[in-house]
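Okay everyone, thanks for coming. I'd like to walk you through a structure that's new to most of you, so grab a seat and have a look at the screen.

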Amino acid sequence: MTVSPSSRAAPGGVIETNVSARLDRLPWGRFHTLVVLALGITWVLDGLEVTLAGALAGALKASPTLQFSNAEIGLATSSYLAGAVLGAVGFGWLTDRLGRKKLFFITLAVYLAATAATGLSWNLWSFCLFRFLTGAGIGGEYTAINSTIQELIPARARGWTDLVINGSFWLGAVLGAGTSLVVLDPALFGPDLGWRVAFGLGAFLGLIILALRTWIPESPRWLMTHGRHEEAEALVAGIEARFRKEGHTVSDGPFPKARLRQRSHTPLSEVFAALKAYRQRAGVGLVLMSAQAFFYNAIFFTYALILIDFYKVPADGVGWYILPFAAGNFLGPVLLGRFFDTVGRKPMIALTYAMSGVLLALSGWAFQQDLVTATTLTLCWMAVFFFASAAASSAYLTVSEVFPLEIRALAIALFYAVGTSVGAVGPALFGVLIEGQSRTAIFGGYLLASGLMIAAGVVAGIWGVAAERKSLEDVAKPLAATE
């Protein structure tokens with residue numbers, strides 16, 4: 001809807017609103033399911049991109065045009081991650097300033113164009129550039145989408161929903177693995193065509209998602225702190241009417257109200273002052289994001305190289321091993337996610353991080369001792385990442401719910417950026433370790449990743465935030481709140 005300037009609250013004016021309480025009291029309905037589908041597809045795209053980069057490693061090495069080495073594949077992966085870092089920070093700041101809806105269209109358009117261009121790469125540097133831009137689009141998506149979903153989903157279901165959405169990354173991984181099996185089939189595509197077709201698939205999916213998102217509303221929580229209170233009220237009233245029309249019982253209140261001072265944006269000085277005020281939460285978020293990013297990027301991005309170099313799995317067969325691996329990753333958040341809302345955030349985050357680290361150390365030792373085959377190693381990874389996937393998803397949940405509304409997207413961006421910067425070291429490091437063909441050296445890398453996860457679990461267990469079933473405004477009071 002369009003709101004005339006005269007109907008907007010004047011900057012500096014104070015309004016009373018129960019918008020947040022009304023959103024949190026809604027039952028789960030078709031509206032929430034559609035929000036999850038239209039916005040959560042971001043993680044499917046990321047899973048597709050990451051899996052293609054890994055599964056296509058052999059094809060990129062064999063390509064008559066590219067002829068990449070293991071180290072160059074690691075460099076290309078790190079370029080993607082570097083783009084994600086800068087994209088998250090830049091688009092994250094814009095998301096808090098210009099709105100959630102506007103940015104999740106812009107970031108998807110950037111992704112769509114860049115992944116299509118990747119399929120047209122002609123050398124290492126063009127490939128790295130387009131992967132960088134693809135990462136920028138995905139990084140921006142994380143900030144815009146995470147903040148929107150957090151602000152539209154009822155508090156009692158926020159943990160499980162967020163974990164499942166982040167876990168849908170692995171549906172993209174399954175799609176990427178299945179795609180690789182088709183495009184790498186020499187009977188269907190030539191050695192320099194299949195990988196190009198694979199990246200074109202991402203662009204095609206992006207076009208479909210653009211259409212799906214047209215009906216998603218702006219976050220009413222964002223609107224009410226940016227001088228657009230009447231628009232927020234109208235949106236929530238429309239959502240409530242939709243629920244009643246579908247047969248849901250929606251209570252009429254009364255609901256607790258918040259007093260908010262209206263303004264067009266939050267100054268950066270206030271953003272950093274807020275982060276300083278929440279420095280303990282910031283420290284926990286940095287530790288969780290950094291540990292899971294290194295853990296995932298180091299291991300998953302180079303998984304295909306392990307299979308090819310140490311187990312002689314043909315490049316066109318890597319997808320068969322990624323499929324069960326991805327299934328374990330998706331099942332973790334789905335089956336464990338409910339416990340983050342019932343047992344609680346702190347104990348579940350600590351448990352999943354610690355279990356991931358311990359199981360990785362054991363699996364790495366078995367690999368170092370040459371006790372596992374390609375099949376049994378994949379089974380080991382399924383167990384490791386059943387817990388690691390839930391742990392990684394909980395890191396995104398944590399940084400997106402423990403900071404004030406006005407800085408939520410930028411906070412997600414900053415922690416994602418720092419974590420991904422740490423994680424970007426992983427593929428390059430493991431690419432070099434794998435190039436050396438030393439199982440002991442690779443085991444040392446696994447122990448490093450394991451230690452980071454266990455340490456992060458301890459930090460979360462002691463200093464984490466018990467945000468389960470609480471309104472976002474109760475977890476962190478908006479900066480615009482006034483008595």
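**A walk around helix α17**

Let's start with one residue, R97: its relative accessible area is 33%, so it counts as partly exposed. One thing to keep in mind throughout is that this is a predicted model. You'll find R97 in helix α4, which covers residues 70-98. Now, R97 and E406 sit 309 residues apart in sequence, and yet their C-alpha atoms are 8.5 Å apart in space.

Okay, on to the helix I'd like to spend some time on, α17, which runs over residues 374-401. Before we get to its neighbours, a quick reminder: two packed helices are described by the angle between their axes and the distance between the axes.

Take α7 as a partner, residues 158-167. At what angle do α7 and α17 pack? It's about 125°, and the axes are 9 Å apart. That makes α7 oblique to α17. The crossing of α7 over α17 is right-handed. As for who touches whom, α7 brings R158, G159, D162, L163, N166 and G167, and on the α17 side there are S389, A390, S393, S394, Y396, L397, S400 and E401. Sort that contact by class and you get 4 nonpolar, 7 polar and 3 charged residues.

Next partner: α13, residues 279-300. Its axis and that of α17 come within 9 Å, and they cross at roughly 145°. Here α13 passes α17 in a left-handed crossing. From α13 the contact uses G285, L288, M289, Q292, F295, Y296 and I299, while α17 puts in a list of residues including W381, V384, F385, A388 and S389. What does the contact of α13 with α17 look like by class? There are 13 nonpolar and 4 polar residues, and no charged residues.

And then there's α6, residues 124-152. The axes of α6 and α17 come within 10 Å and cross at roughly 70°. So α6 is roughly perpendicular to α17. In this contact, Y142, N146 and Q150 of α6 meet Y396, L397, S400 and E401 of α17. By class, that's 3 nonpolar, 3 polar and 1 charged. If you were taking notes, Y396 was in the α7 contact, and there it is again in the α6 one.

Let's move to the cysteines for a moment. How many disulfides does a search of the whole structure find? The count is 0. Two cysteines to point at on the screen: C128 is buried, because its relative accessibility is 6%, whereas C380, at 24%, counts as partly exposed.

Now for a helix with a nice story, α14, residues 303-311. Is α14 enclosed or open? Well, 9 of its 9 residues are buried, so α14 is largely enclosed by the rest of the structure. Among the buried residues are Y303, L305, I308, F310 and Y311, and also D309. Just after α14 you run into K312, with a positive phi of about 55°.

That brings us to backbone angles. As a general point, most residues other than glycine have a negative phi. D370 is a residue other than glycine, and its phi is positive, near 60°. D370 is in the loop between α16 (residues 345-368) and α17, and at 48% relative accessibility it counts as partly exposed. R469 is not a glycine either, and its phi is positive too, at about 60°. For R469, look in the loop between α19 and α20; its relative accessible area is 48%, so R469 is partly exposed.

While we're in that loop, there's V465, which lies between α19 (439-463) and α20 (472-475). V465 is partly exposed, with a relative accessible area of 24%. Which residues does V465 touch, leaving out those up to four places away in sequence? They are R281, R345, K346, V402 and V475. The C-alpha atoms of V465 and Q280 are separated by 9.8 Å, with these positions 185 residues apart along the chain.

One last pair for contrast. G238, in helix α11 (residues 229-245), is partly exposed at 40% relative accessibility. G238 and G364 are 126 residues apart in sequence, and from C-alpha to C-alpha they are 54 Å apart in space.

That's my tour, thanks for listening!

How values were computed
Residues are numbered from 1 along each chain as its sequence is written. This is a predicted model: local features need pLDDT of at least 70, side-chain atom pairs count only at pLDDT 80 or more; totals for chains, interfaces and linings use all residues. Side-chain values use heavy atoms; hydrogens and water are left out. Axes are lines fitted to C-alpha atoms, for helices over the stretch in contact, and angles run from 0 to 180 degrees between N-to-C directions. Helices (H or I, at least four residues) and strands (E, at least two) are DSSP runs, numbered from the N terminus. Angles under 35 degrees count as roughly parallel, over 145 as roughly antiparallel, 65 to 115 as roughly perpendicular and the rest as oblique. A crossing is left-handed if the near helix is turned anticlockwise from the far one by less than a right angle, and right-handed if clockwise. Contact means heavy atoms within 4.5 Å. Ala, Val, Leu, Ile, Met, Phe, Trp, Tyr, Cys and Pro count as nonpolar, Asp, Glu, Lys and Arg as charged, and the others, Gly among them, as polar. A disulfide is a pair of cysteine sulfur atoms within 2.5 Å. Buried means under 20% relative accessible area, exposed over 50%, partly exposed in between (1.4 Å probe, protein chains only).
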